[in-house]
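Subject: Handover of a structural model

Dear colleague,

Please find below the model that I am passing on to you. My findings follow it, and I would be grateful if you could read them with the structure open.

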Amino acid sequence: MILSRFSVSQNTLKIIAAISMVIDHLGAEVFPGIVIFRVLGRLAFPIFSYCIYEGCRYTHHKVKYLLGMIIMALVYLIVYALYAHRLYGNIFFTLALSICVIYAIRFWKKKSHESFARGCFGFVVFTVTALLACAISVMLSVDYGFCGVMLPVFLEVASDFTENRNLSPRLCQRIMLLSFAIGLCFLALEKTYVQWFGLLALVPLSFYDGSRGKWHMKFFFYLFYPAHMALIELIAVLV
């Protein structure tokens, strides 16, 4: 938790990301010639990725958390296939694969503390999971690709340097954000120059206080994605 008079909750971060996502998709579907829409839209994915890591960190129902993401991915995949007659690896697939890789890393770390042999088994599980995630991301052409899948993993790696150490909350936060910034740079190198503006997401993330927020809005954000996409498609047709 950061030490600041001004701070934002996870719900606030998601609202910022949702607004950014709407602007981004409006730019892609309705105003493709206006670059500023795509620039402002670069905040969405990094913030949602950060929140996915936080979800993996705090959830008490790990399987339920992953299944919820997979179900949303499949539902949207089917709806889009019926509408556009093609498969679309939507953002829920990207985030679901991120969760799988994070869980695999944690399994590996847990087994490594038990014995060398179990640690080797954990490494095999992680390697297979990462390779499968890479293959699925390529086959379905998921949003933001395999680099997008691995973005929250940079936070998981950074947690090894912050957990169970006598570090100040501010320093822990800086280490996490630095690692996340490196992940954003890798993502930007794979995408177009506009993706470099994703680094701007570090500004609201630096004010994150670790709290969920006053309201329980998980299902709202699950439904917001397909709802806003349908509305934007309608606007694009009308325009």
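Two residues are counted as being in contact when heavy atoms of theirs lie within 4.5 Å. On that basis, 73% of the contacts in the chain with a separation of 6 or more join residues that are 24 or more positions apart. Please bear in mind throughout that this is a predicted model.

Overall architecture

The chain is built from 10 helices and has zero strands, so that its elements, read from the N terminus, run α-α-α-α-α-α-α-α-α-α. Its radius of gyration is 18 Å, close to the 18 Å that the globule rule gives for 239 residues, so the chain is as compact as a globular protein of that length. The C-alpha trace spans about 60 × 45 × 35 Å along its principal axes.

Surface and charge

About 13000 Å² of the chain is exposed, and carbon and sulfur atoms supply 72% of that area. Of the 239 residues, 47% count as buried. The chain carries 20 positive and 11 negative side chains, and the centres of these two sets are 7 Å apart.

The nonpolar core

The largest nonpolar core comprises 60 residues. Those that touch the most other members are Y50, M69, F92, I99, V101, F180 and Y225. Helix α5 (residues 91-112) provides the largest share of this core, with 12 residues. Which residues does Y225 contact, leaving aside its neighbours within four places in sequence? They are M21, H25, Y76, Y88, N90, I91, F92 and D143. F92 thus appears both among these contacts and in the list of core residues given above.

Two charged residues

Is D24 buried or exposed? D24, which is found in helix α1 (residues 10-29), has a relative accessible area of 6% and is therefore buried, since the cut-off for that class is under 20%. Beyond its neighbours within four places in sequence, D24 is in contact with F37, R38, G41 and R42.

R174, by contrast, is placed in helix α8 (residues 169-190). Its relative accessible area is 56%, so R174 is exposed, the cut-off here being over 50%. F37, one of the contacts of D24, lies 137 residues from R174 along the chain, and the C-alpha atoms of R174 and F37 are separated by 29 Å.

With kind regards

Definitions and conventions:
Residues numbered from 1 in each chain as written. Predicted model: local features only at pLDDT ≥ 70, side-chain atom pairs only at ≥ 80, totals over all residues. Heavy atoms only, no water. Helix = DSSP H or I, 4+ residues; strand = E, 2+ residues; numbered from the N terminus. Rg over C-alpha atoms; globule rule 2.2 N^0.38 Å. Buried < 20%, exposed > 50% of the residue type's maximum accessible area, 1.4 Å probe, protein only. Areas by Shrake-Rupley, 256 points an atom, 1.4 Å probe, with all protein chains shown as cover. Lys, Arg positive; Asp, Glu negative; His and termini not counted. Charge placed at Lys NZ, Arg CZ, Asp CG, Glu CD. Core = buried A, V, L, I, M, F, W, Y, C linked by side-chain atoms within 4.5 Å.
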